[in-house]
Amino acid sequence: MGIVYKKYFHAKSGDKVLVCQECKTQFATYDLLISRDFHGQFGKAYLFSNVINVYTGETEDRPMRTGMHTVQDIHCAECSTIVGWKYLVAHEQSQQYKEGRFILERTLLHQQQM
């Protein structure tokens, strides 16, 4: 696969960063959080405007609680654990605000204080 170049948040002391539960690679800060009111395969999930240090899997149509969506699983760039998914297309007009956004599964994350 080659060398993995990771990005890092330049957070202030005391700020919290969400990292991979397995390898502690940084994914997001709470500044990027849109909503905590989501559910994933393993329970609670968060919707983010952007995440770092992930790569996407195959595109697939997936039926969800809010209708059909075209998504890609997102994997940790360091350990390849699937940590959530990216919304590409929401087939219901009321769900189109999710397009281009990311879901991170809460149980696959760890909160790290800077």
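Analyst: Quick ground rule before we start: the radius of gyration is taken over C-alpha atoms, and the globule rule is 2.2 Å times the number of residues to the power 0.38. This is a predicted model, where local features need pLDDT of at least 70, side-chain atom pairs count only at pLDDT 80 or more, and totals for chains, interfaces and linings use all residues. Residues are numbered from 1 along each chain as its sequence is written, and side-chain values use heavy atoms, with hydrogens and water left out.

User: How do you know whether the chain agrees with a compact globule or not?

Analyst: For 114 residues the rule predicts a radius near 13 Å, and the chain has 14 Å, so it agrees. Along the principal axes, the C-alpha atoms fill a box of roughly 40 × 35 × 20 Å.

User: What makes up the secondary structure, helices or strands?

Analyst: The chain has nine strands and zero helices, and along the sequence that reads β-β-β-β-β-β-β-β-β. Both types are DSSP runs numbered from the N terminus: helices are H or I with at least four residues, strands are E with at least two.

User: Why is Thr-29 called buried?

Analyst: Buried means under 20% relative accessible area, exposed means over 50%, and partly exposed is in between (1.4 Å probe, protein chains only). Thr-29 has 12%, so it is buried. This residue is in strand β2 (residues 26-29). Not counting residues up to four places away in sequence, Thr-29 touches Phe-9, Lys-16, Val-17 and Phe-48, with contact meaning heavy atoms within 4.5 Å.

User: And what makes Gln-26 count as buried?

Analyst: Its relative accessibility is 6%, so Gln-26 is buried too. Gln-26 is in strand β2 as well. Its contacts beyond four places in sequence include Tyr-8, Leu-18, Ile-52 and Met-114. Another partner is Asn-53: the two are 27 residues apart in sequence and 6.8 Å apart in space, C-alpha to C-alpha.

User: Why is Glu-22 called exposed?

Analyst: Glu-22 comes in at 60% relative accessibility, so it counts as exposed. Glu-22 belongs to the loop between β1 and β2. Leaving aside neighbours within four places, Glu-22 is in contact with Cys-79 and Thr-81. By contrast, the C-alpha atoms of Glu-22 and His-69 are separated by 28 Å.

User: What is notable about phi at Lys-24?

Analyst: Phi of Lys-24 is near 70°, a positive value in a residue other than glycine. Most residues other than glycine have a negative phi. Lys-24 is in the loop between β1 and β2, and at 36% relative accessible area it is partly exposed. Ser-80 also has a positive phi, about 70°, this time in the loop between β6 and β7 (82-90). At 34%, Ser-80 is partly exposed.

User: What makes a set of residues a nonpolar core, and which members of the largest one touch the most others?

Analyst: The set has to be buried Ala, Val, Leu, Ile, Met, Phe, Trp, Tyr and Cys residues joined through side-chain atoms within 4.5 Å. The largest core has 13 residues, and Phe-27, Phe-48, Val-51 and Leu-104 touch the most other members. Strands β1 (16-20), β2, β4 (43-48), β6 (67-76) and β8 (102-105) each supply at least two residues of this core. Apart from it lies another core of seven residues, including Phe-38 and Trp-85. As for Leu-104, its contacts beyond four places in sequence include Ala-45, Ile-74 and Leu-109.
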